[in-house]
Amino acid sequence: QLSCLLKMVTLHGIPKDLDSYPKDLLLFLSPSDYAATGSCSQFFINIGKANVDVLPREDPRRQQLLLEALACLKIPGTQINEENAELLGQLLCDLGGEYIRASGGTLLKALSHCGSFLPEQEEAIRDVLSSGNTTFGPPAAWSAFTLSELSGLIPVLDPNILQQIPK
């Protein structure tokens, strides 16, 4: 439906008020098409607010959006700072394990809002949490507040981490 709606909306070119349309619609538009109405960073800020799960995880368009977002935001290498993490929004849920490891605890809160993870992402999240080099500290120092902050990541925790958390 969104793809069809986009065809109708863009029948006579990209409308100047495209930002007022539902953010999910932008998932079917390329950043170069959007360039006529705004910057690529504004496009990805809007994409970050969209429900990326409208596109299946394995959809090439979803992967292409992530690659273009990383290029647009000029993210060198695999380390993502808090500002860029905020701009990427829901696209963070598709980052590979190498980004999660390199960014340390920076991505944990944002990742806790993702619906599901690939095995390599889960392993990277466990590695980061086990290291204790996050704002949450080592699992042995976690409190109920810490667990509520990480609530979306609890299913990812393995027995090694769970046993360290104080009762």
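**Figure 1. The largest pocket of this predicted model encloses about 380 Å³ of space**. The lining of this largest pocket is made up of 15 residues, and those closest to its centre are Glu82, Ala85, Thr106, Lys109 and Ala110. Two helices, α5 and α7 (108–111), each contribute at least two residues to the lining of the largest pocket. Rolling a probe the size of a water molecule over the atoms is what shows where empty space is left.

**Figure 2. The chain as a whole is built from ten helices and zero strands**. Read from the N terminus on, the order of its elements is α-α-α-α-α-α-α-α-α-α. The chain has 167 residues, of which 41% count as buried. When contacts between residues at least 6 apart in sequence are considered, 48% of them join residues that are at least 24 apart.

**Figure 3. Helix α4 spans residues 60–72 and has a buried side**. With its 13 residues, α4 reaches 18 Å from its first C-alpha to its last, which is close to the 18 Å expected at 1.5 Å a residue. Arg62, Leu65, Leu66, Ala69, Leu70 and Cys72 are the buried residues of this helix. These residues lie on the same side of α4 because they cover an arc of only 165 degrees around the axis. The face turned away from that buried side carries the exposed residues Pro60, Leu67 and Ala71. Among the elements that cover the buried residues of α4 are α3 (40–48), α5 (82–88) and α6 (97–103).

**Figure 4. Close-up of the two ends of α4.** At the start of the helix, a side-chain oxygen of Asp59 comes to within 2.7 Å of the backbone nitrogen of Arg61. At the other end, just after α4, Lys74 adopts a positive phi of about 55 degrees.

**Figure 5. Asn84 is a buried residue of helix α5**. The relative accessibility of Asn84 is 13%, and it therefore counts as buried, the limit being under 20%. Once neighbours within four places in sequence are left aside, Asn84 is in contact with Leu73 and Ile75.

**Figure 6. Ser112 sits in the loop between α7 and α8**. Ser112 has a relative accessibility of 11% and so counts as buried. Its side chain reaches the backbone oxygen of Lys109 at 2.6 Å, and Lys109 is also one of the residues closest to the centre of the largest pocket. If residues up to four places away in sequence are not counted, Ser112 touches Glu149, Gly152 and Leu153.

**Figure 7. Helix α8 covers residues 119–131**. This helix has 13 residues and extends 18 Å from its first C-alpha to its last, close to the 18 Å expected at 1.5 Å a residue. Gln121, Ala124, Ile125, Arg126, Val128 and Leu129 are buried in α8, and the cover over the buried residues of this helix includes α6, α7 and α10 (159–164). Gly132 follows α8 and has a positive phi, near 75 degrees.

Key
Residues numbered from 1 in each chain as written. Predicted model: local features only at pLDDT ≥ 70, side-chain atom pairs only at ≥ 80, totals over all residues. Heavy atoms only, no water. Helix = DSSP H or I, 4+ residues; strand = E, 2+ residues; numbered from the N terminus. Expected span 1.5 Å × (residues − 1). Buried < 20%, exposed > 50% of the residue type's maximum accessible area, 1.4 Å probe, protein only. Arc of directions from axis to C-beta. Contact = heavy atoms within 4.5 Å. Polar contact = N/O pair within 3.5 Å; in protein donor to acceptor, adjacent residues only side chain to side chain. 1 Å grid on protein atoms, 1.4 Å probe; cavity = no way out; pocket = protein on both sides within 12 Å on 5 of 7 lines; lining within 4 Å. Points joined across faces, edges and corners; volume = space filled by probe spheres on them.
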